[in-house]
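Work through the exercises below with the sequence and the model side by side. Try each task before you read its solution.

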Amino acid sequence: MESIMEEEDVPTVTTESQPEGELEASEEAAAEESKHDDELKASDEVVPEEFKYEESKASEEAVADEFKYEELNVSDEAVSEESKPEEEFKASDEAVSEESKPEEEFKASDEAVSEESKPEEEFKASDEAVSEESKIEAEFQASDEAVSFLTSIEPEELQKCVFSETLMVMSESGGILGEFSVSVEFTHRALEPCVILHARSHGAIDGSPCGTTVTAYLTADLEVLEEDYHEYVKLDSYNVEKRSHMVQRGKQMVINKFTVMGEDVTEEECVSYPMSVLRGLVTEGSSMLLMRLMALRKKVPKNMVFIILDQSLHINQTTFSELDVKEMQVRGETVEVFGLERMVGSADADHSTWHCYFLDNGYLASRKQVGSPVTMKFIQELSKKGRGRMKIPLVWQEDMQLYSLYLDKKDFLKAEHNSYLREHPELRALLSDFIQDLLIVKPDNIFQFAREYFPPYSTYHSPESNPKTPSP
């Protein structure tokens, strides 16, 4: 055991002695280098000062380049170090972008919602436009005097207005251009009693047929339940028609209007107004009945301002005022007539003014639009002195209601006759035989031939047809 421990201690001593030898060798090398440095110093002293300056410059430039290189390395490292946060930021940006995708989806959904909200905004804009229009229309209101006049109508007064009248449309030279008629009757609509007014005018201007038809259903205080208006002008190249239908539905008044040129519908419009806005409304139909009532009272209150719907279906105003009483020739007799002036407002055109004169019984004596060369005059004989009324030719083909009745009656009779022919086929055989014999014989006197042809078909003679023989 001791020999082993000694052998282990020997190498330990040798390993520690080796660095001391290396230190001695390094000291000798250092001494050699110092000698070499002394020699260089001596040589440097021999070198001229200029060369020293140039060498110093070169050494400085070398050192500067080394420092630059080191700075570049340092800066690159710094940049790389700085780029790490940027990469981290990029990674974080990518993560943020991944997180922002739901936000973008929310943005897209918000854009979709905004797209969906556009119609709502359009509705809001339309509502604002409607509110603006309602503000404008609120300026046109019926006066309290006009509304009170409508509510003061008594059934007895309305009964006096139930009659028909006809006026002739005359030119300034006295020529007859057409006729104008108005009829008022009591009727029922939806099982409710009401008044129906039917007015019609037709004629020709410059050779072109034209006319207007108005049918209105009114309550006892002249509230409009329903009204149809039809105006037409027949030209050489095409026809122009204007139609409008007004009907009260619950708390609203709905108006449909369209214009037809030829066979094509060129314009169509539909509007509705709440009945609360249409307080004191008068139309073409109700205005005619209203003037009859004023004429029977022979007095028009002041500030008689009503509201109307003009040709553009906008709310406007119409006023009624009293004219001076004047004398007029009616079928050769001079009578006093009561005058009314009606002024109709319009948003698209100038105001129109009508002058109407009435007899004591409420009949129209004259009707004319101011500025127009056409005048409507009363053509009936006065009832006193026992005179009858002048017969007026009825042009039913131009009346929409009468022409519709004609078509209905025509279809009914056609169906009835066809049914009779199907039930009696012998009629066709009899007529066929008669026509055949007639064409074969070709008689000069067809009536005589028919009298001789049909008696053999009579197999029964009533006793009344034979002359009575005298009793013995």
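**Exercise 1. How many salt bridges does the structure hold, and which residues does the bridge of D144 join?**

Solution.
- Start with the count: the structure holds seven salt bridges. A salt bridge is a side-chain nitrogen of Lys or Arg within 4 Å of a carboxyl oxygen of Asp or Glu.
- Now take D144. Its partner is R279, and the closest N and O atoms are 3.8 Å apart.
- Place both ends. D144 lies in helix α3 (residues 144-151) and R279 in the loop between β8 (264-274) and α5, so the pair ties together parts that are 135 residues apart in sequence. Helices (H or I, at least four residues) and strands (E, at least two) are DSSP runs, numbered from the N terminus.
- Check exposure. D144 is exposed at 56% relative accessibility; R279 is partly exposed at 43%. Buried means under 20% relative accessible area, exposed over 50%, partly exposed in between (1.4 Å probe, protein chains only).

A note on the basis: this is a predicted model, where local features need pLDDT of at least 70, side-chain atom pairs count only at pLDDT 80 or more, and totals for chains, interfaces and linings use all residues. Residues are numbered from 1 along each chain as its sequence is written, and side-chain values use heavy atoms, with hydrogens and water left out.

**Exercise 2. Find the salt bridges of R200 and E226. Which strands do they link?**

Solution.
- R200 pairs with E179 at 3.3 Å, N to O.
- R200 sits in strand β3 (residues 192-205) and E179 in strand β2 (residues 176-189), 21 residues apart. Both R200 and E179 are buried.
- E226 pairs with R189 at 3.1 Å, N to O.
- E226 is in strand β5 and R189 in strand β2, so this bridge ties together parts 37 residues apart in sequence.
- E226 is buried, with a relative accessible area of 19%. R189 is partly exposed at 23%.

**Exercise 3. Which helix gives the most to the largest nonpolar core?**

Solution.
- Fix the term first. A nonpolar core is a set of buried Ala, Val, Leu, Ile, Met, Phe, Trp, Tyr and Cys residues joined through side-chain atoms within 4.5 Å.
- The largest core has 52 residues; F180, L222, I255, L289, L290, M294 and F306 touch the most other members.
- Helix α5 (residues 284-297) gives the most, with seven residues.
- A second, separate core has 11 residues, including V330, V335, Y363 and F378.
- Follow F306. Beyond its neighbours within four places in sequence, its contacts (heavy atoms within 4.5 Å) include A142, L290, M294 and F320.

**Exercise 4. Is S286 buried or exposed, and what does its side chain reach?**

Solution.
- Locate S286 in helix α5.
- S286 is buried, with a relative accessible area of 0%.
- Its side chain reaches the backbone nitrogen of T283 at 2.6 Å.
- Leaving aside neighbours within four places in sequence, S286 is in contact with L218, L222, V224 and E227.

**Exercise 5. Where is E336, and what does E336 touch?**

Solution.
- E336 belongs to strand β11 (residues 333-344).
- E336 is exposed, at 52% relative accessibility.
- Not counting residues up to four places away in sequence, E336 touches V325, K326, E327, F358 and D360.
- D360 is 24 residues from E336 in sequence and 8.2 Å from it in space, C-alpha to C-alpha.

Notes. A polar contact is a pair of N or O atoms within 3.5 Å; within protein, one must be able to donate a hydrogen and the other to accept it, and residues adjacent in sequence count only if both atoms are side-chain atoms.
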